[in-house]
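Me: I should be grateful for a close look at a single part of what is shown below, namely the surroundings of one nucleic acid strand. Please set that part in its context afterwards, in an order that a first-year student can follow.

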There are 2 protein chains.
Amino acid sequence: MILSTRGRYGLKMMLELALNYGKGAMSLKDIANKQSLSDTYLEHLISPLRKNGLVNSTRGAQGGYELAKPPNEIKAGDVIRVLEGSLAPAKCVLEDEPECSNADYCATRLLYEKITESINNVIDSISLQDMVDDYYTLNNTNVKRRSENE
Amino acid sequence: MILSTRGRYGLKMMLELALNYGKGAMSLKDIANKQSLSDTYLEHLISPLRKNGLVNSTRGAQGGYELAKPPNEIKAGDVIRVLEGSLAPAKCVLEDEPECSNADYCATRLLYEKITESINNVIDSISLQDMVDDYYTLNNTNVKRRSENE
DNA sequence: TATAAATCCGAGTTTATTACTAGGAATTAA
DNA sequence: TTAATTCCTAGTAATAAACTCGGATTTATA
């Protein structure tokens with residue numbers, strides 16, 4: 001039950017945009033290069049993010065993308081849900097899905113509901129800003145550790 | 001990020017076996033019929049469950065399967081992990097997976113680790129016995145509700 | 001105003017995974 | 001001995017994931 005590249009690449013893109021927040025638009029090509037991903041593929045991912053109000057775009061030369069809101073106002077869950085849909089482990093838990101005929105009798109569904117809830121708790125509690133902070137923490141720690149070894 | 005049929009059908013099978021616990025072996029055909037699933041497909045799922053010590057089999061006529069342990073000693077997580085592998089949302093979190101080259105710098109990985117942990121907490125806290133109890137609760141509630149309406 | 005750098009859009013392709021089916025050997029109760 | 005069952009492996013069909021490609025549109029800038 002692995003997150004598809006949509007969610008994973010999408011999070012990487014958004015992290016990149018968060019790191020660049022306040023510094024103007026960033027082109028898809030730049031994002032793709034930094035993350036070693038295909039820019040033609042990323043197009044398909046950034047489009048829904050834009051349509052859902054998470055990023056703004058500027059067309060034309062020197063154009064690009066930037067976060068539509070400050071990084072602390074965008075949760076990992078916002079990104080994931082746009083690109084992957086809900087992370088529920090079974091269709092019967094999804095809101096828009098018609099209940100399966102034996103919903104009342106289905107004890108596995110209770111399990112799926114609990115899993116869904118716990119996943120949502122995590123992804124809605126972590127913002128892009130948190131990830132940026134983690135990024136710098138990891139980076140600094142690593143740099144320090146490396147120089148200590150030398 | 002939906003659980004595949006392996007995990008979902010597997011849980012249904014194990015719930016069926018848990019409901020039948022202590023009443024002798026149950027044939028795959030019976031399980032499949034009760035759950036309206038293909039018995040030839042379920043063969044592929046029960047085989048690893050047996051090899052991992054979750055069910056015992058009796059071959060030959062009148063044979064079948066039964067839980068290898070009481071339902072309260074088998075967690076949903078045991079079943080899911082045998083059939084789906086770990087529920088981690090990205091490969092980099094798996095134990096046996098080599099770390100990705102930028103593990104130290106990767107802020108998305110921290111997110112995946114938290115998701116994994118929260119899923120594991122849920123699936124390892126719910127036993128087949130809990131699901132059996134839920135099954136009867138749902139069933140009774142529903143029967144009562146139905147008769148009240150009539 | 002021409003050009004190049006971008007976003008935007010949809011159709012198509014390739015690859016991988018999922019979800020099975022089929023056939024037959026081995027086992028065992030009746 | 002027969003019928004019911006597990007066990008095993010190979011194959012196939014269907015679906016989804018992961019992209020590529022071509023071209024239209026927009027816009028800064030030389």
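Reply: A residue is counted as near a strand if one of its heavy atoms lies within 4 Å of that strand. The model discussed here is predicted.

With that cut-off, 24 residues surround DNA strand D, and those that come nearest are A:S38, A:H44, A:R59, B:L28 and B:S57. The list draws on chain A and on chain B. Sorted by class, the surface near DNA strand D consists of 13 polar, 6 nonpolar and 5 charged residues.

One may next ask which parts of DNA strand D the protein approaches. Of the strand's atoms within 4 Å of the protein, 65% belong to sugar or phosphate, while the rest belong to bases. Individual atom pairs illustrate these kinds of approach. On the phosphate side, a polar side-chain atom of B:R50 lies 2.9 Å from a phosphate oxygen of DNA strand D. On the base side, B:R59 places a polar side-chain atom 2.9 Å from a base oxygen of the strand. A:A61 uses its backbone instead: one of its polar backbone atoms is 3.3 Å from a base oxygen of DNA strand D. Chain A supplies two or more residues to this surface from helix 1 (5–19) and from helix 3 (39–51), and chain B does so from helix 3 (39–51), strand 1 (55–58) and strand 2 (64–67). Helix 3 of chain B gives the most, with 4 residues.

The surroundings of DNA strand C can be described in the same order. Here 23 residues surround the strand, and the closest are A:L28, A:S57, B:T5, B:S38 and B:H44. The surface near DNA strand C holds 12 polar, 6 nonpolar and 5 charged residues. Sugar or phosphate accounts for 67% of the atoms of DNA strand C within 4 Å of the protein, and bases account for the rest. A:R59 has a polar side-chain atom 2.9 Å from a base oxygen of DNA strand C. Two residues of chain B reach phosphate: an N or O atom in the side chain of B:S38 is 2.8 Å from a phosphate oxygen of the strand, and a polar side-chain atom of B:T40 lies 3.2 Å from a phosphate oxygen. At least two residues each come from helix 3, strand 1 (55–58) and strand 2 (64–67) of chain A, and from helix 1 (5–19) and helix 3 of chain B. For DNA strand C, helix 3 of chain A gives the most, with 4 residues.

Both chains take part in these surfaces, and the contact between the chains themselves deserves attention. In chain A, 37 residues are in contact with 38 residues of chain B. The size of an interface is often given as the accessible area lost when the parts come together. For chain A and chain B this buried area is about 3600 Å², of which 69% lies on carbon and sulfur atoms. Across the interface of chain A and chain B there are 0 salt bridges, and 3 residue pairs are in polar contact. On the side of chain A that touches chain B, two or more residues come from each of helix 1, helix 4 (76–84), helix 5 (107–123) and helix 6 (128–149) of chain A. Helix 5 of chain A contributes the largest share of that side, 11 residues. By class, that side of chain A divides into 24 nonpolar, 4 polar and 9 charged residues.

Salt bridges are found elsewhere: the whole structure has 4 of them over all chains. In one of them, the side chains of A:D124 and A:R81 meet at 2.4 Å, N to O. A:D124 lies in the loop between helix 5 and helix 6 of chain A, and A:R81 in helix 4 of chain A, so the pair ties together parts that are 43 residues apart in sequence. A:D124 is partly exposed, with a relative accessible area of 30%, and A:R81 is likewise partly exposed at 30%.

Another pair lies within one helix. A:E113 and A:R109 form a salt bridge at 2.9 Å, N to O, and both belong to helix 5 of chain A, 4 residues apart, about one turn of the helix. A:E113 is partly exposed at 31%, whereas A:R109 counts as buried at 12% relative accessibility. In chain B, the side chains of B:E113 and B:R109 also meet in a salt bridge at 2.9 Å. B:E113 counts as partly exposed at 31%, and B:R109 is buried at 13%.

How values were computed. Residues numbered from 1 in each chain as written. Chains lettered and ligands numbered in written order. Predicted model: local features only at pLDDT ≥ 70, side-chain atom pairs only at ≥ 80, totals over all residues. Heavy atoms only, no water. Polar contact = N/O pair within 3.5 Å; in protein donor to acceptor, adjacent residues only side chain to side chain. Nonpolar A, V, L, I, M, F, W, Y, C, P; charged D, E, K, R; others polar. Contact = heavy atoms within 4.5 Å. Buried area = accessible area lost by both parts, 1.4 Å probe. Buried < 20%, exposed > 50% of the residue type's maximum accessible area, 1.4 Å probe, protein only.
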